[in-house]
Amino acid sequence: RKICVVGLGYIGLPTAAIFARSGYEVIGVDVNEKVVSSLNSGEILIEEVGLPELVKEVVKNGKLKASVTPEEADVFIIAVPTPIHEDHSANVDYVVQASKTIAPLLKKGDVVIVESTIPPRTIDDVVAPILKEAGYNLEDDVYLAHCPERVLPGRILIELIENTRIVGGINPEASKRAGDVYRAVVEGQVIETEALTAEMSKLMENTFRDVNIALANELVKIARRIGVNAHDVIELANMHPRVNIHQPGPGVGGHCLAVDPYFIIEKAVEESPLIQQSRKINNSMPHFVVNEVNYLVSELEKPKVAVLGLTYKGNIDDVRESPAMEILNDLLSNDRLDIAVHDPYVQQEKLKVPNLSLEDALKDADLAVILTDHNQFKQLDGSKVASLMKHPVVFDTKNCCSLDSSAGVNVYKIGNLS
Ligand code: SAJ
C-alpha cells in the first residue's frame, strides 16, 4: 500500500519515515522546496533523536521519497501546522489547502487522516465538506478520520510506536479503516471513536497540562507573597497518591500547550473561564521573571546578566512560542542591563544577539538566569561558575540546576526568592 504524507514537519516527517521503515511506499509532500530537495538527498532540516539515521536509511532503500505535489495513494495523512492568529483564533488554512490539493487524487476506498491538531468540529464542518464538494461520498467512497498526534518532541520516534492512538472517524467504518492503518505500525492501543471526541480529547490533554502548570505558577506567586518555598510545597503535596502538581517555570511555550487551549476557548468562550485564566497566568510568567531579574540586580550599576537557554524546553532546538525569547527581548530593551546569551542548541541565525559560549556569557557576569532545563545547565560546574562570574549568583527558573552554595555560588530558584 502507498501512503502520502502531507506536511514534512516535526510530526509528518517521522510519521512518513516510520511507515517507510515498515515497508510501505511513502511519498512525503511539503510546500517548502528546500525540505523536499534535502529529504531526497537523505538530509533533514529538523532536529529529533534518531530521525537523521532513520531518514537516511528509508530514503536510501527507496521507500521514502519527497515531492512538492501529492500523488495518488491508498492512504493520505495530513500533518500540517495549525497556528493561531494574533487574536488567538485558530488558523486552519493549511489543513484546508492540504485537503483541497489531495481531493482530486482520491479514489474509491482511500483513507484520509488528519493528524494536525484542530479545533473541535473541524473534521465535520471543514474537511468533510471539502471532500464532499469534490464529489466523494463519505459513507463508502472515501474514509475520513482524525487521528491526533500525541508525541513529545525529543521522544517522537519512540512515542509514535508506543503511545495509544485515538482514531476518530466520520463514521464507524472510517474509524476502523483508519485504525487499521496505525495497527500495522503501532504497538500501543488503537482506540476508535468519533471525530469530535478525538478532536476534544487531544485538546483536553494539552489543556490539562496547561491548567495544571498555571496552578504551579500561581503557587510561585503566592509563595513570593507569603514566604514559603513553592518547590518544597509541590514535592510534599505530590507525595499524596492522588496529587500531581506540575512544575512552575518561566512560562509555557511550544506549539501545543500554549496554543491548543485557545482552540477550545474559541468554541465556548462563556463556558471556559478556567482555561482562559490559566493561559493568562502562564502568559504572565515572562514578565514575572523579568521583575525578579531586576530585583536581583537592583543594587548594581549596569549589571551584566547571562541568559542561559532560549528554547521552549530542555534539550531541543525549538524557540517557537518560547517564554525564554520573550524574557530575552524584554531584558534587551532595558538599557540598564548588559545582556549576554548562551544556548547550546539554537542556531545563530535565529537570534539578533550573539550566541556566546557558556564561558563568554558567564565571564564577569553579575547574574546568570537559567530559562531552559538543558542537561548542560543541570550539570553546571560550581567552581567554574564561581571563578568566571563577577558576582556568582544564579537564578534558576526551571528548578533544574544542582549547584549549591558549597561551590561559592548563590542559587535562587523561582518560587523561593523571598
Ligand atoms: N512545562 C512547565 N511545567 C511542567 C511541564 C512543562 O512549565 O511541569 C512547560 C515546558 O517548559 C514547555 C511547555 O510547558 O515550555 C510545554 O512542554 P511539554 O513538555 O509539556 O509539551 P510539548 O509542547 O513539548 O508537547 C506536548 C505533549 N502533550 C502532553 O504531554 C499532554 C505531547 O504529548 C503532545 O504531542 C504535544 O504537546 C503536541 O503536539 O500537542
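1. Which domains does the domain assignment give for the protein chain? The assignment gives two entries: domain 1, covering 2-188, and domain 2, covering 194-418.

2. The model under discussion is predicted. The protein chain has an average pLDDT of 96, and 100% of the residues reach a score of at least 70. For the complex, the predictor reports an ipTM of 0.95 together with a pTM of 0.95.

3. Between the C-alpha centres of domain 1 and domain 2 there is a distance of 33 Å. The two domains nevertheless touch: 25 residues of domain 1 are in contact with 21 residues of domain 2.

4. On the side of domain 1 that touches domain 2, the elements contributing two or more residues are helix 5 (122-133), strand 6 (143-146) and strand 7 (165-169). Of these, strand 7 gives the most, with four residues. Sorted by class, this side of domain 1 holds 13 nonpolar, eight polar and four charged residues.

5. The ligand is surrounded by 20 residues. The closest are His 246, Gln 247, Gly 249, Gly 254 and Cys 256. By class, the shell around the ligand comprises eight nonpolar, seven polar and five charged residues.

6. Where does the ligand lie with respect to domain 1 and domain 2? The ligand lies between them, because domain 1 (2-188) and domain 2 (194-418) both give residues to the shell around it.

Key: Residues are numbered from 1 along each chain as its sequence is written. This is a predicted model: local features need pLDDT of at least 70, side-chain atom pairs count only at pLDDT 80 or more; totals for chains, interfaces and linings use all residues. pLDDT is the predictor's confidence in each residue, from 0 to 100. Domain bounds come from an automatic or database domain assignment. Two residues are in contact if their C-beta atoms, placed from the backbone, lie within 7 Å. Ala, Val, Leu, Ile, Met, Phe, Trp, Tyr, Cys and Pro count as nonpolar, Asp, Glu, Lys and Arg as charged, and the others, Gly among them, as polar. A residue is near a molecule or strand if its C-beta atom, placed from the backbone, lies within 6 Å of it.
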